[in-house]
Number of protein chains: 2
Amino acid sequence: MRPDRTAELALLLEVAGTPKPGNVDRNRDLKDLRFEHFLAGAVGARGGLEMAADGAPVGPSFQRAVEGMAEQEGGNTQFGALLLLVPLVRTARVGDDLTRSATEAVVESTTVADAAAFYRAFDHVDVFVGDPPADMEPLDVRRGSDAIPALEARELTLYDVMDRSVPGDDVAREWVRGFERSFAAADRLAAAEGPILERAASVFLSLLAERPDTLVAARHGEDVAVEVTDRAATLHERDVLADDRPAVEAFADELVDRGINPGTTADLTAAGLFIALEHETVEV
Amino acid sequence: MRPDRTAELALLLEVAGTPKPGNVDRNRDLKDLRFEHFLAGAVGARGGLEMAADGAPVGPSFQRAVEGMAEQEGGNTQFGALLLLVPLVRTARVGDDLTRSATEAVVESTTVADAAAFYRAFDHVDVFVGDPPADMEPLDVRRGSDAIPALEARELTLYDVMDRSVPGDDVAREWVRGFERSFAAADRLAAAEGPILERAASVFLSLLAERPDTLVAARHGEDVAVEVTDRAATLHERDVLADDRPAVEAFADELVDRGINPGTTADLTAAGLFIALEHETVEV
C-alpha cells in the first residue's frame, strides 16, 4: 500500500481504537466533535498525504493536508497527527527504510518555506495552543500567515520552529528527538496481542501513562496533566484492558465529562500505527 | 471533494452508522469480520474509485476497487457497495449532475469487457452468491475469470449480466431500475434529522423494512428474509430510533447472534450516503 494510504488508515484506526480515555473513539463522542468528523478529516487529508508520498516538501504537504482535514464541521481533528504523519510519509516514500535516522534527515532538511506553509496551515483551522515565550511572540502560530514576515526575517526553518516549541509540545518534541515515542509506540503495537483496535487502545494508555499530555497541560494546567498521567499509569500497571476493562471505561467517561482530551497522546498513537503498518509488524 | 473521496467517506459512514441490525457497525463486530476490516477495505478501494473518477470504464475500475478492498484479513467487506458506487462515481465525474438518468446512461453503456472485469473481480475475494438459473450455469460468477469465454461467446455486457441477476439480487436490481432505491435512500438521508450516523441508521432500517434483503434470502432462505423485514417494518413504524432505542438495539444483537447480516441493505445505504453527500443535502 502507498504510504499516503497507510497514513489514512492509521488515522482511521487511531480514532476507532477504544477506550482511549478522554478522546473521541469508537464508543465516545464529544459534544461538538464526533466520530464522523474524524472519518471526514482522514479522507480530507488525503490530498496532502498524497503530495508527501509523491515527494513534495513537508510544509506544503502539511498545509494541504490540514486544509482538506478542516473541510468538516467538527473543527480541528488531526492537526497534530498530520504534523507527525507527513514527515513519516515523506520518509517512507523515499524508498529507504522508514527508520528514525531517515525520518530525522527529512525533518532536519526542512526549509523556511516549509515553516511558512506550516504557519499558513493555521489559517485553515482553529488549533488550541498555549502562549509562546516572550521572544517568540511575533512568531505565535495563532497569527497564522501574518507571522511569515517575522519568520523569514529570522530565517527559521520548520525544524527550527519545532525546536523552539519544545518543551510544552510533545508533537514538536518528536521532531527534535528522532520520533522516539512514535517508534516506541510502533514497537509496543507489534508486541501487543489481539486485534489492532485493542492494541491501539493499549498503546494509547501506555503513552498516556508515560508522560503528561502536553495538550492537556496547555488547556488545563500541568497539575491536571500530571494527575491524568498518574492515574493512567496506575491503570496501565494493573493491565486493566485485559483484567478490569470497566475501570478504564470509567476513567474514559470521566475524562470526557471533565472535557480533558489527551490529544497529543492520540497523535503519537496515530504515528505509531503508521510506522507499525508500514513495517508490517501489525496487520488488519 | 472529488467523487472518489466522497465515495470512500460514504463507505466509512455506512459502517459507522449504528445500530444497523445484523451488520458490523460502530458498536458491533462479527466473529471474524470486524470494524477495522471495513476501514481498511474502504482505504483499499481507493485506487479503483480513483480510476472511475478519472474516467476509466466501470468494469476495470470495479475490479481494481475490489482487489484493493480485499487486501485485509476480513474477506468480503464492500463488494456490493462498490458495485453501486463505481458507476455512481463514474457518473458524478462526467460533470453532469448526478441524476438517475445520467447513472442509467453510464450502466447501459457498459461493455463485454466491463463484464469480463466484473468476473475477474471474483478471483480476488469470496463473495456469497446463490446458485444461478440452469441456463446461466456457465456464467456462474463463482467461476470468476474462468467464465469469461462463455461470457464473450454470448456477448453479454455488464449491464446484461446485472439484468440476468434480477430477481434475487437487489444490487443488480439497482442497475436495471435506475438506482431507484439508492436515490430514495439519499432523499431520506436528507429529510432525516440529527447527525449523519443517526440518519444512516434510520435509513438503513427504512430500507430493511421495505424489501427483504437479498443476501439474507440467499443465505438463510426467503422465509427468514421476510421475517427480518416484517420485524424491521414494525420497528420502523414505531419510530424506535427516536422513541425506543433499546428495542432496535436488541433486534440488532439478535440478528448478529443468529448470523443474519442484511448486507444488500448496507450496500444501498452506502450508495444513498454517496448521493446525498455529492448533492450536498447532508453534511459532516
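Let's start inside chain A, at Leu85(A). Leaving aside residues up to four places away in sequence, this leucine touches Ala7(A), Ala10(A), Leu49(A), Ala270(A), Ala271(A) and Phe274(A). Keep in mind as you look around that this is a predicted model.

Why begin with that residue? Because Leu85(A), together with Leu85(B), has the most contacts inside the largest nonpolar core, where a residue must be buried and linked to others through C-beta atoms within 7 Å to belong. That core has 194 residues.

Now zoom out to the whole of chain A. What is chain A built from, in terms of helices and strands? The tally comes to 17 helices and zero strands. Of the chain's 284 residues, 57% count as buried. Look also at how far apart in sequence the touching residues are: among contacts in chain A with a separation of 6 or more, 72% are between residues 24 or more positions apart.

What about overall dimensions? Taken along the principal axes, the C-alpha atoms of chain A fill a box of roughly 55 × 40 × 35 Å. A compact globule with 284 residues would have a radius of gyration near 19 Å, and chain A has 18 Å, so the two agree.

Next, bring in the second chain. Turn chain A by 180 degrees, with 0.0 Å of shift along the rotation axis, and it superposes on chain B with an RMSD of 0.0 Å. That's the relation of a two-fold axis. Which residue of chain A comes closest to the rotation axis? It's Arg26(A), whose C-alpha is at 3.1 Å. Both copies use the same surface, too: 100% of the contact residues of chain A recur in chain B.

So where do the chains meet, and with how many residues? Chain A puts 22 residues into the contact, and chain B puts in 22 residues as well. On the side of chain A that touches chain B, the elements giving two or more residues are α1 (3–16), α2 (35–44) and α12 (196–210) of chain A. By type, the residues on that side of chain A divide into twelve nonpolar, eight charged and two polar.

Finally, a word on the predictor's confidence. For chain A, the mean pLDDT is 95, with 99% of its residues reaching 70 or more. For the complex, the predictor gives an ipTM of 0.95 and a pTM of 0.96.

Technical notes: Residues numbered from 1 in each chain as written. Chains lettered and ligands numbered in written order. Predicted model: local features only at pLDDT ≥ 70, side-chain atom pairs only at ≥ 80, totals over all residues. Contact = placed C-beta atoms within 7 Å. Helix = DSSP H or I, 4+ residues; strand = E, 2+ residues; numbered from the N terminus. Nonpolar A, V, L, I, M, F, W, Y, C, P; charged D, E, K, R; others polar. pLDDT = per-residue confidence, 0-100. Least-squares fit on C-alpha atoms with pLDDT ≥ 70 in both. Buried ≥ 20, exposed ≤ 12 C-beta atoms within 10 Å, placed from the backbone. Rg over C-alpha atoms; globule rule 2.2 N^0.38 Å.
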